[in-house]
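Load the model and keep the selection tool to hand. The tour goes stop by stop, naming what to select and what is there.

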Amino acid sequence: MAASEESLRKALAEKLSAVEAQGNAVRALKAAKASKPEIDAAIEALNNLKLEKSSIEKQLQSAVSGGDGALSREAFRQAAVNTLERRLFYIPSFKIYRGVAGLYDYGPPGCAVKSNVLAFWRQHFVLEENMLEVDCPCVTPEVVLKASGHVEKFTDLMVKDEKTGTCYRADHLLKDFCNEKLQKDLTISAEKAAELKHVLATLDDLSPEALGAKIKEYGITAPDTKNPLSDPYPFNLMFQTSIGPSGLSPGYMRPETAQGIFVNFKDLYYYNGNKLPFAAAQIGQAFRNEISPRQGLLRVREFTLAEIEHFVDPEDKSHPKYPEVADLEFLMFPREEQMSGQSAKKTRLGDAVSKGIVNNETLGYFIGRVYIFLTRLGIDKDRLRFRQHLANEMAHYAADCWDAEIESSYGWVECVGIADRSAYDLRAHSEKSGVPLVAAEKFSEPREVEKLVIAPVKKELGLAFKGNQKNVVEALEAMNEKEALEMKAALESKGEVEFYVCTLGKNVPIKKNMVSISKEKKKEHQRVFTPSVIEPSFGIGRIIYCLFEHSFYTRPSKAGDEQLNIFRFPPLVAPIKCTVFPLVQNQQYEEVAKVISKSLTAAGISHKIDITGTSIGKRYARTDELGVPFAITVDSTTDVTIRERDSKLQVRVGVEEAASVVKSVTDGHRTWEDVWEKFPHHTSGSADD
């Protein structure tokens, strides 16, 4: 816990005791019929203590809500979401049938923003990095997801209202309880606050039994009915289906797009000329049957993922373009800082890689590229951090994992995961399918190498371990050279050794007759290996929602009687790049507006033409609310004004130049500052309306 919060909680506890003691003293004086001056002095002291208590409560409230105030965050979110839904950026799906939790429709401006984000993603990653793009089916056979581990392990813990049967996600109930206590109950002791913060920090580590025990200990009940809850139990998040009419071929709606790339590795490797490294990319829908979806676009049941699988030699994870990002500096939150209660600090990416905080250059390169991608979209760099996974969050096979987290009104939201998954996925599919998903490095000259040979004696292992034989064989074959040679020495000296099998979660006795470990000399013409994979995975809906919040602000109207809503989208992602307005209803001006509209269409600039008689100020306000960066106002037949949304500044430009000026800025070839310097300025009261 932050030192200031801890000291404030202790000070508040002491002040509450002092208020209670002084209250008792006042009551005692009144009961003893003490003199009026004496009672008045005691009451004044009590009032002073209450004022001091109130001051500490305000400081503590500010500390626990990050100084921002939970209410102001709620009000900001409500204003943004109301605008987004009213202007049809997105709305709940099947609204006329009262909607379905966790499903949303994008309206016209939302579709345009999403399309622009994905177009930039393709340009920034697929084109610039020469990636191989694929498009695989959403329906996936069960065998594929069994191999990947999803059928067995893709679960969340669920509890049920024992009377109504309503389902809730168990860890969310515990998380909400702890957060509410910390933010709203200022009377809890510093010790209790530290305990609740520890629960939040270790939430992912809790077993079903431990989670259930905490829910009972804190007296957590069903939020809607206050009824008791069942014990937590795992619920698989995949939507199950059957492929074909017989129902004999089970399948699932894919929970991620990555598996389609892994199962196609062999063909993609051949397509790439049997060369590593290479990356494959895919944009597509994924499905997760969330137990209790909430937080709008942040937690939904169908969503768009954009994923990259970068295949690399596990012995060489350098990247030729890494120097291009090494000097980037941004907020990084390594696991050591998280464990010691520190906060994220600005760090040079090159320093994080050279110190081993980031595992390798390729992982570092993609972290840098993700930072550039998000900030160019319009994400505030001061509300973007890269947080390293704690040991308890990482899969046992992962070498290193980082999340790009964006701060929103809901707190820090994981929007991109960047993981070095080692060779786990390709090995799992090789084993299940029987098809080797491997790469080869050819030697110019044959090499004599000493190879470690681990040969489990399956007959002896079968007799000793029966149904667990397969787990023990896999664990023995997966030993590295150091472990194998240590086992060989121990078996030769003692005849038996204790061996930990991670898939069984226990030690088993291995005898000398159960495994043969030796080194053999062989001539090799090539090295065959399973590539490692580095995977950046983008939750497009989450990125877009955070972009909506980071872009939203209000400013007073010219009259000062209302607040106008504005989205400050960069031209890159704005749903409409430009609007064209005749200043007044006039046939000549309308003809000029149509000429400019044709030029904008020819230049590929999305725009809207508005020839209604509404005041120009109201038309500006309407388009500012959609995040349109530029407005062309036609007030003559020879030249027009171009207004920039955020500064409200205007320049005069010839009719024939208008489209090319807007295109040059929206394409990023010049800035608004360049335009402001080059063209004559225009001042008009209507610009502020």
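**Stop 1: Met487**

Select Met487 and show its surroundings: apart from neighbours within four places in sequence, Met487 contacts Leu476, Met479, Val497, Phe499, Ile510, Val515 and Ile517. Bear in mind throughout that the model is predicted. Met487 lies in helix α18. Is Met487 buried or exposed? Its relative accessible area is 6%, under the 20% cut-off, so Met487 counts as buried. For a long-range reference, draw a distance from the C-alpha atom of Met487 to that of Pro582: the two are separated by 84 Å, with these positions 95 residues apart along the chain.

**Stop 2: helix α18**

Extend the selection to residues 481–494, which make up helix α18. With 14 residues at 1.5 Å a residue, α18 should span 20 Å, and the end C-alpha atoms are 20 Å apart, which agrees. Now colour the buried residues of α18, which are Ala484, Met487, Ala490 and Leu491. Why do they lie on the same side of α18? They cover an arc of only 130° around the axis, which puts them there. An α-helix has 3.6 residues a turn, so residues three or four places apart point the same way.

Turn to the other side of α18, where Lys482 and Ser493 are exposed. Then show what the buried residues of α18 pack against: the helix α17 (469–477), and the strands β17 (439–456), β18 (496–501), β19 (506–511) and β20 (515–529).

Check both ends of the helix. At the N-terminal end, Asn480 acts as the cap of α18, with a side-chain oxygen 3.2 Å from the backbone nitrogen of Lys482. Just after α18 comes Gly495, which has a positive phi of about 85°.

**Stop 3: the nonpolar cores**

Select Trp121, Phe373, Phe386, Phe538 and Phe548, the residues with the most contacts inside the largest nonpolar core, which has 66 residues. Helix α14 (residues 361–377) supplies the largest share of this core, nine residues.

Centre on Phe538 and list its contacts. Leaving out residues up to four places away in sequence, Phe538 touches Trp121, Phe125, Thr304, Leu305, Ala306, Ile308, Val370, Phe373, Cys415, Val416 and Ile543. A second, separate core has 24 residues, among them Ala593, Ala658, Trp672 and Val675.

**Stop 4: His319**

Move to the loop between β11 (302–312) and β12 (329–333), where His319 is found. His319 has 10% relative accessibility and therefore counts as buried. Which backbone atom does the side chain of His319 reach? It is the backbone nitrogen of Lys321, at 3.0 Å. Beyond its neighbours within four places in sequence, His319 is in contact with His310, Glu361, Thr362 and Tyr365.

**Stop 5: a six-stranded sheet**

Show the six strands of the open sheet in the order β25-β24-β26-β27-β28-β29; their pairing is mixed. The strands at the edges are β25 (607–609) and β29 (681–682), each of which pairs on one side only. Strands of a sheet pair through backbone hydrogen bonds, either parallel or antiparallel.

Within this sheet, select β27 (residues 639–644), which is mostly covered, with five of its six residues buried. Strand β26 (residues 630–634) runs antiparallel to β27 and is joined to it by five bridges. Ile632 stands opposite Ile642 of β27. These two strands, β26 and β27, form a hairpin with four residues between them.

Next take strand β28 (residues 650–654), which is antiparallel to β27 and linked to β27 by five bridges. Arg652 in β28 is the bridge partner of Thr641. The hairpin of β27 and β28 has five residues between the strands, and Lys648 in this hairpin takes a positive phi near 65°.

Finish this stop at β29, which pairs with β28 in the antiparallel sense over two bridges. His681 in β29 is the bridge partner of Val651.

**Stop 6: the whole protein**

Zoom out. The secondary structure comes to 23 helices and 29 strands, and the C-alpha trace spans about 95 × 95 × 55 Å along its principal axes. Of the 689 residues, 46% count as buried. Among contacts with a separation of 6 or more, 68% are between residues 24 or more positions apart.

Notes: Residues numbered from 1 in each chain as written. Predicted model: local features only at pLDDT ≥ 70, side-chain atom pairs only at ≥ 80, totals over all residues. Heavy atoms only, no water. Expected span 1.5 Å × (residues − 1). Buried < 20%, exposed > 50% of the residue type's maximum accessible area, 1.4 Å probe, protein only. Arc of directions from axis to C-beta. Contact = heavy atoms within 4.5 Å. Polar contact = N/O pair within 3.5 Å; in protein donor to acceptor, adjacent residues only side chain to side chain. Core = buried A, V, L, I, M, F, W, Y, C linked by side-chain atoms within 4.5 Å. Pairing = 2+ DSSP bridges.
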